[in-house]
Amino acid sequence: MRKQIVAGNWKMNNGLIQTESLITELKQQVKTSEAEVMIAPTFTNLWHAFQSTKNTHIEVIAQNMHFAEKGAYTGEISAGMLTSLGINTVILGHSERRAYFNETDEALAKKVDTAIAHDMRVIFCFGEELADRKAGNEDTVVENQIKNALFHLKGDAFNNIVLAYEPVWAIGTGETATPEQAQEMHAFIRKTLAEKYGNNVANNVSILYGGSVKPDNAKEIFSKPDVDGGLIGGASLKAEDFYAIVNAF
Ligand SMILES: O=C(CO)COP(=O)(O)O
């Protein structure tokens, strides 16, 4: 079933104390919502965040994980470690992981497989860079990112996958895609999925938009028919702004 989702990607922000106070504020604000609400604190605060949000409708999710089950991968976190905490959703393929940690489509395909094998939900991120858009190549870039990491999957795996279109030029820049640009790309993504897996799979996958979503532009972006929610960076670090975005549905 296609769901509306607003997920806050906290990136490398907030120590334990700040995590606790932001969650306390969120709990006061986010009482009920049409959309599923998720927050992705850093690994060191996942357990605390998970405990602090029990019996609320805020789901705590992870920002990344390794594809291996376990072993000699210093500094890494496995799917089993996440699920042992009760974390069942993971963000994979964020452009910052691709750019700064050399995550390739091939590695991402393996991560997706591992997550699915653990029955986890994946928020799979992709998006073109400014140069791609200037050259008119955004569709090809996005299509390849999706095909390379996901098209080895069977259709039913998409029950566990949420897609997040995040144009790199809009992340943290204050320059958001226009609602029309977002809609155009989301419709293209759905068409790409439909060609491979059929309309049923394509129509049931939630496609989120990410990149400078703020309280003042969320409503218009979310009103587009193929935009099913947002992956929020900077604005998710302020309870008031995040709550306003959640309420944009
Ligand atoms: O990268 C993002 C979410 O994953 C978007 O970040 P901003 O909302 O800060 O642009």
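Let me start with N55, which sits in the loop between helix 2 and strand 3, the strand of residues 58–60. In this predicted model, the phi angle of N55 is near 65°, a positive value in a residue other than glycine. N55 is also exposed, because there are just 5 other C-beta atoms within 10 Å, and a residue counts as exposed with 12 or fewer.

There is a second asparagine to put beside it, namely N102, which has a positive phi of about 55° although N102 is not a glycine. You will find N102 in the loop between helix 4 and helix 5, where helix 5 covers residues 105–117, and with 8 C-beta neighbours inside 10 Å N102 counts as exposed.

Let me now step back to the whole chain. The secondary structure of the protein chain comes to 11 helices and eight strands, and along its principal axes the C-alpha trace spans about 45 × 45 × 35 Å. How does the radius of gyration of the protein chain agree with that of a compact globule? For 249 residues a compact globule would have a radius of gyration near 18 Å, and the protein chain has 17 Å, which agrees. Of the 249 residues, 43% count as buried. If we take the contacts between residues at least 6 apart in sequence, 71% of them join residues at least 24 apart.

From there we can turn to the interior. The largest nonpolar core has 74 residues, and the ones that touch the most other members are A7, V90, V122, F124 and L163. To take one of these, V90 touches I61, A62, N64, M65, L82, A115, M120 and V122, where residues up to four places away in sequence are not counted.

Another residue to look at is L46, which is in helix 2, residues 46–52. L46 counts as buried, because 22 C-beta neighbours lie inside 10 Å and the cut-off for buried is 20 or more. Leaving aside its neighbours within four places in sequence, L46 is in contact with P41, V60, A62, L85 and I87. On the other hand, L46 and N144, which are 98 residues apart in sequence, are 32 Å apart in space when we go from C-alpha to C-alpha.

Now to the ligand. Which residues are closest to the ligand? Of the 14 residues that surround it, the closest are N9, I171, G210, G233 and G234. By type, the shell divides into five nonpolar residues, eight polar ones and one charged one.

It helps to set this beside the UniProt record, an unreviewed entry, which places the feature "binding site" at N9, W10, K11, G172, S212, G233 and G234. These positions span 226 residues in sequence, yet no two of their C-alpha atoms are more than 14.1 Å apart, so they gather at one spot.

Let us follow two of them. N9 is in strand 1, residues 5–9, and N9 counts as buried because 26 C-beta neighbours lie inside 10 Å. Beyond four places in sequence, N9 touches A40, Q63, I91, L231, I232, G233 and S236. G233, in turn, lies in the loop between strand 8, residues 229–232, and helix 11, residues 239–246. With 21 C-beta neighbours inside 10 Å, G233 is buried as well, and with the same sequence neighbours set aside, that is, those up to four places away, G233 touches N9, K11, I171 and G172.

The last topic is the active site. For "active site" the UniProt record, again an unreviewed entry, lists H94 and E166. They span 73 residues in sequence, yet their C-alpha atoms are not more than 8.3 Å apart, so they gather at one spot.

Are H94 and E166 buried or exposed? H94 is buried, with 27 other C-beta atoms within 10 Å, and E166 counts as buried too, with 26 C-beta neighbours inside 10 Å. Each of them is found in a loop: H94 between strand 4, residues 89–92, and helix 4, residues 95–100, and E166 between strand 6, residues 161–165, and helix 8, residues 179–197. To finish with the contacts of E166, and again not counting residues up to four places away in sequence, E166 touches S95, C125, G127, I171, G210, G211 and L231. Among these contacts of E166 are I171 and G210, which we met as two of the closest residues around the ligand.

Terms used
Residues numbered from 1 in each chain as written. Predicted model: local features only at pLDDT ≥ 70, side-chain atom pairs only at ≥ 80, totals over all residues. Near = placed C-beta within 6 Å. Nonpolar A, V, L, I, M, F, W, Y, C, P; charged D, E, K, R; others polar. Helix = DSSP H or I, 4+ residues; strand = E, 2+ residues; numbered from the N terminus. Rg over C-alpha atoms; globule rule 2.2 N^0.38 Å. Contact = placed C-beta atoms within 7 Å. Core = buried A, V, L, I, M, F, W, Y, C linked by C-beta atoms within 7 Å. UniProt positions renumbered as here; feature names shortened; annotations may be inferred.
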